[in-house]
Structures are given as structure tokens and as C-alpha cells.
Amino acid sequence: MIITIAGYKGGIGKTTTAVHLAAVMNKNATTLLIDADENRSAVSWARQKKLPFNVATESTAPMAFTKIRPEHTVIDTKARPSAEDLEEISEACDLIILPTTTRPMDFEALIKTVEKIKAIDMPYKVLLNMVPPNSTRKSSDITEVLEGANIPVFKTIVYRYSFIEQLPLDGILASQAKDDNAQKVWKQYRSIGKEIFG
Ligand SMILES: Nc1ncnc2c1ncn2[C@@H]1O[C@H](COP(=O)(O)OP(=O)(O)OP(=O)(O)O)[C@@H](O)[C@H]1O
Ligand SMILES: [Mg+2]
């Protein structure tokens, strides 16, 4: 299974989603995370060697494939992919995950992304991310709107918790964090994994 995390906006949680989904998938089968963003956020997240899976870049990916023979691959991408980037992704990828916050500006960018992805006709699913924990009502309204517009959306929502911002600096996953909400967040990512793999 090859999963790509994409979106037109920066800072919507692509890298955070990619790292956690790779960890969830790696529990079942060897998973490789490819950091295809020149900012190399996932590579630097992995630098302290505390993540349970391998991270490669586009240039080291062939080597990593030969060496670890991953069953699953997660690709973290940069914001604002070009039409060519999307076409390239669509050739190999089984599912594009589009994280979005519920902020109106991010939402507008999401709809534009969905239109472009629909044009190249490939499987995608929206993930509501960084949702304030006290606004479950609003997010279920949004889920309904998306479903009404025939836009596939994960039932699982990832809520906003400030400890998540510290994870890349510590080089760890939510499951390894010492925070009251850490296991709740990890459970959300596991539940996304269940929605993908059934
Ligand atoms: N659920 C969450 N709760 C709180 N903060 C979050 C959550 N998800 C991501 N963040 C934080 O939001 C910021 C942006 O997240 P992230 O880097 O994953 O987004 P991105 O889409 O990959 O950004 P970029 O476009 O810069 O690559 C980071 O500081 C991250 O720690
Ligand atoms: Mg990123």
C-alpha cells in the first residue's frame, strides 16, 4: 500500500499525519516513510533515531527499498503540489490523504485540492485535523457537508493538543509522549489505520 499525504496549504498537519500513520502501519508490516518535501521535516523528526520505521528522501528511496523491502510506503509531500506533482503521485499511489483544519481558509484550499484530484481521478480521503477538542459539533457538521458533496472523509478526527507541537523536536510519536492526552491522540491515529485497512 502506498499512501501519499498532500495538500495545497502549509501547516495543516501533513508531516504529523505522515509520521503517525507510518508508525501505525509499521506495526503490521515494514513501512517506509519518504520525505518528499525539501524542507525535510520528516527527516529531521527521525534524526534522533527514536521513530520505529525508516525515513528516506526521494534520492535515498531506491536504496531503502532494496535494503528494507517495505510492504507499505507513506509519502509526505510539500504544500502547493503542481499539477505535474499530482500526476506523478497518482501513477503509483493507492490513496491520497488530504489533511485539513476546519478553519475557513484551509477549508477553501481543501476544496480546490479536491477539484484537482478529482480531475486526475484517483482515490483520496479527507482528514479533519487540529480540531479544537471543544468543537465536536462543528466538525461533525463539516463531515456531513463533505459527505453530502460526495467527498470521502475519515470518521476519525484528530484533535488539537499543544503537546503535539513538541513531538518533532523530541523526535518521538504521540504514543511515546508523557502527556495526559498522548494515548488519546495515538488511539486516533490507530483508528485512522483501521479505517484504511479495515
Ligand atoms: N493535532 C494537532 N494538534 C496540535 N498541533 C498540531 C497538530 N497537528 C499538527 N500540529 C502542529 O501544526 C504545525 C504544522 O504541522 P505539520 O508540520 O505536520 O504540517 P505540514 O502540513 O506538514 O506543514 P508544512 O506545509 O510546513 O510541511 C506543527 O507545529 C505541528 O506540530
Ligand atoms: Mg510538512
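1. Ser162 counts as exposed in this predicted model, because its C-beta has 8 neighbours inside 10 Å, where 12 or fewer is the criterion for exposure. Ser162 is placed in the loop between α6 and α7 (167-170). Its C-alpha lies 9.8 Å from that of Asn181, a residue 19 positions away in sequence.

2. Helix α6 (residues 136-148), which precedes that loop, has 13 residues, and its end C-alpha atoms are 18 Å apart. This agrees with the 18 Å that should be spanned at 1.5 Å a residue. Just after α6, Asn150 adopts a positive phi of about 60°.

3. Helix α5 (residues 104-120) consists of 17 residues and reaches 25 Å from its first C-alpha to its last. The expected figure, at 1.5 Å a residue, is 24 Å, so the two are close. Asp121, just after α5, has a positive phi of about 55°.

4. Which residues of α5 are buried? They are Ala109, Leu110, Thr113, Val114 and Ile117. These residues cover an arc of only 145° around the axis, and therefore lie on the same side of α5. The buried residues of the helix pack against α4 (83-92), β5 (95-100) and β6 (124-128). On the other side of α5, the exposed residues are Pro104, Met105, Lys112, Glu115, Lys118 and Ala119.

5. Two arginines in loops merit attention for their backbone angles. Most residues other than glycine have a negative phi. Arg40, however, has a positive phi, near 55°, and Arg69 has a positive phi near 45°. Arg40 is found in the loop between β2 (31-36) and α2 (41-46), whereas Arg69 belongs to the loop between α3 (61-68) and β4 (72-77).

6. The environments of these arginines may be stated as follows. Arg40 counts as partly exposed because 16 C-beta neighbours fall inside 10 Å, a count between the limits of 12 for exposed and 20 for buried. Arg69 has 9 other C-beta atoms within 10 Å and is therefore exposed.

7. Around ligand 1 there are 18 residues, of which Gly10, Gly13, Lys14, Thr15 and Thr16 come nearest. Helix α1 (residues 14-26) supplies the largest share of this shell, namely three residues. By residue class, the shell around ligand 1 comprises six nonpolar, eight polar and four charged residues.

Note on methods. Residues numbered from 1 in each chain as written. Chains lettered and ligands numbered in written order. Predicted model: local features only at pLDDT ≥ 70, side-chain atom pairs only at ≥ 80, totals over all residues. Near = placed C-beta within 6 Å. Helix = DSSP H or I, 4+ residues; strand = E, 2+ residues; numbered from the N terminus. Nonpolar A, V, L, I, M, F, W, Y, C, P; charged D, E, K, R; others polar. Arc of directions from axis to C-beta. Contact = placed C-beta atoms within 7 Å.
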